[in-house]
Amino acid sequence: MAIGDVFEAAKDRDGLPCAALEKMMGIARLTDAERDAALAQMPNWTVRADGLAIERKLQFGGFGEAFAFMTRIAIEAEKTDHHPEWFNVYNRVDITLTTHDAGGLSGRDIQLARYIDAVAA
């Protein structure tokens, strides 16, 4: 089996690098095509101007609701060892996802964005 075949076989159902591959080879940065395919299914997220991160802005009924949302995300972030960059003022939460170890977006960002979307729904 060629090395390219190993990488293809080690992708999850969404075509993103699986956790086992990341542990062996380091966290891979998504290609533009992988990023665009993932974002096509996540209309609430936008690509940051430099193309290295995705962003989403959320608004809640009040501070308590925003803080409860952030708490749920923080618990998941700790479990997955992948933490968002975020900013909160009263009922607003602005989130930026990027993977510093990959030098841009990785599958971890897409997975956390999907989790955030599910919690925000």
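**Entry 1: a facing pair.** I looked up the partner of Val89 and found that Val89 stands opposite Arg92 in β4. I note here that the model is a predicted one. Strand β4 covers residues 92–97, and β3 covers 85–89. I then checked how these two strands run: β3 and β4 pair in the antiparallel sense, over 5 bridges.

**Entry 2: the sheet.** I followed the pairing outward from there. The sheet is open and is formed by 4 strands in the order β1-β2-β4-β3, with antiparallel pairing. Which strands lie at the edges? I recorded β1 (46–47) and β3, each of which pairs on one side only.

**Entry 3: the whole chain.** I counted 5 helices and 4 strands in the protein chain. Along the sequence, the elements follow the pattern α-α-α-β-β-α-β-β-α. Of contacts between residues at least 6 apart in sequence, 58% join residues at least 24 apart.

**Entry 4: burial and surface.** The protein chain has 121 residues, and buried residues make up 40% of them. I noted an accessible surface of about 7100 Å² for the chain, with 55% of this surface belonging to carbon and sulfur atoms.

**Entry 5: a pocket.** I turned to the second largest pocket, whose volume is about 150 Å³. Which residues line the second largest pocket? I listed Ile27, Asp81, His82, His83, Glu85, Thr98, Thr99, His100, Asp101 and Arg108. Sorted by class, this lining has 1 nonpolar, 5 polar and 4 charged residues. Glu85, one of the lining residues, also belongs to the edge strand β3 (85–89).

Note on methods
Residues numbered from 1 in each chain as written. Predicted model: local features only at pLDDT ≥ 70, side-chain atom pairs only at ≥ 80, totals over all residues. Heavy atoms only, no water. 1 Å grid on protein atoms, 1.4 Å probe; cavity = no way out; pocket = protein on both sides within 12 Å on 5 of 7 lines; lining within 4 Å. Points joined across faces, edges and corners; volume = space filled by probe spheres on them. Nonpolar A, V, L, I, M, F, W, Y, C, P; charged D, E, K, R; others polar. Buried < 20%, exposed > 50% of the residue type's maximum accessible area, 1.4 Å probe, protein only. Contact = heavy atoms within 4.5 Å. Areas by Shrake-Rupley, 256 points an atom, 1.4 Å probe, with all protein chains shown as cover. Pairing = 2+ DSSP bridges.
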